[in-house]
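Here is a short note to read beside the model. Please keep the structure open while you go through the points.

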Amino acid sequence: MKFKSGFVAIIGRPNVGKSTLMNQVIGQKIAIMSDKPQTTRNKIHGVYTANNSQIVFLDTPGIHKRQSKLGDYMNQTAMSTLHEVEAVLFLVDASEGMGGGDRYIAEQLNNTKTPVILVMNKIDKIEPEALLPLITEYNKLHEFAEIVPISAKMGSNVNTLLEQVQKYLPEGPQYYPDDQITDHPEQFVCAELIREKILHLTREEVPHSIAVAIEDMSVEPNGVVHISAVIFVERDSQKGIIIGKQGALLKEVGRRARTDIENLLGSKIFLELWVKVKKDWRNQDRVLRDLGFHKDQ
């Protein structure tokens, strides 16, 4: 049997479950998840390898109304993927119905010849009879190659989605080894896992103001991986929130992140966390570049 391979973008408005779907397909957490919108900032590449095919999924930032240069970068990152992939998964939240963000994305999709699969997520939250009218409504927006209802959280119908995606892959090489699940360096994934824990533990005014950078990652003689990470915020008051009373919140971030990072690396880790203020970093091109946000990605 001939081997097929290719790249597939996952796009949609914020909080529709793109990262949940990516992690479900890969079988391991490589994209962070949060109930707060705009969690994903970069394209996260997840590698799914089967007996006769390999799919490289691109989990993109949620397309949203920009409020900063970082927001511009995130939207550009998401939209730039449309012309560099074999297929696009347009993920929507079936439990919320169609929104203005969905209509905007569909307009952009009308400008591409790339096959688009409409993926209707969170079907576990709606009555089955509500699905068909919703499909009819979405069909008015774009001529979709396929329509697949799923529950990314429960894993329902995800295998069917993979089968549909494989139909649009050309014959090609195996880009990555069988056991590789992402092309991002471990430092990137570790930084994202730390950021996820902060998103889970902090208030509304903090999440979009934080960034995490790994300053050092080395293996000690006893096999323990030593990681030093810096959490950047925009204001002194946010620094106080992240640290918490007597350092309690920062310690909890470290405790939760350590568990996920140990699962990722398969070894014990020693994690050091520091909090620094970079005022208005989301609107400073130089700082955005230093933190890995490049417009050409």
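**Notes on a three-stranded sheet and its helices**

1. In this predicted model, three strands form an open sheet with mixed pairing, in the order β7-β8-β9. Strands of a sheet pair through backbone hydrogen bonds, either parallel or antiparallel.

2. Which strands stand at the edges of the sheet? They are β7 (211-219) and β9 (269-277). Each has a single partner strand, so one side of each is left without a neighbour in the sheet. On average, neighbouring strands of this sheet are turned by 15 degrees against each other, direction ignored.

3. Strand β8 (residues 225-233) runs parallel to β9, and nine bridges join the two. As for individual residues, Val230 stands opposite Trp274 in β9.

4. Two helices lie across strands of the sheet. Helix α6 (residues 186-201) lies across β7, β8 and β9, and runs at about 130 degrees to β7. Helix α7 lies across β8 and β9, and its angle to β9 is about 155 degrees.

5. Helix α7 (residues 236-243) also packs against helix α8 (residues 248-265). Their axes are 5 Å apart and make an angle of about 60 degrees. That angle makes α7 oblique to α8.

6. Which residues of α7 and α8 meet? From α7 come Ile241, Ile242 and Ile243, and from α8 come Ala248, Leu249 and Leu250. By class, this contact has six nonpolar residues, with no polar and no charged ones.

How values were computed: Residues are numbered from 1 along each chain as its sequence is written. This is a predicted model: local features need pLDDT of at least 70, side-chain atom pairs count only at pLDDT 80 or more; totals for chains, interfaces and linings use all residues. Side-chain values use heavy atoms; hydrogens and water are left out. Axes are lines fitted to C-alpha atoms, for helices over the stretch in contact, and angles run from 0 to 180 degrees between N-to-C directions. Helices (H or I, at least four residues) and strands (E, at least two) are DSSP runs, numbered from the N terminus. Angles under 35 degrees count as roughly parallel, over 145 as roughly antiparallel, 65 to 115 as roughly perpendicular and the rest as oblique. Contact means heavy atoms within 4.5 Å. Ala, Val, Leu, Ile, Met, Phe, Trp, Tyr, Cys and Pro count as nonpolar, Asp, Glu, Lys and Arg as charged, and the others, Gly among them, as polar. Two strands pair if DSSP finds at least two bridges between them.
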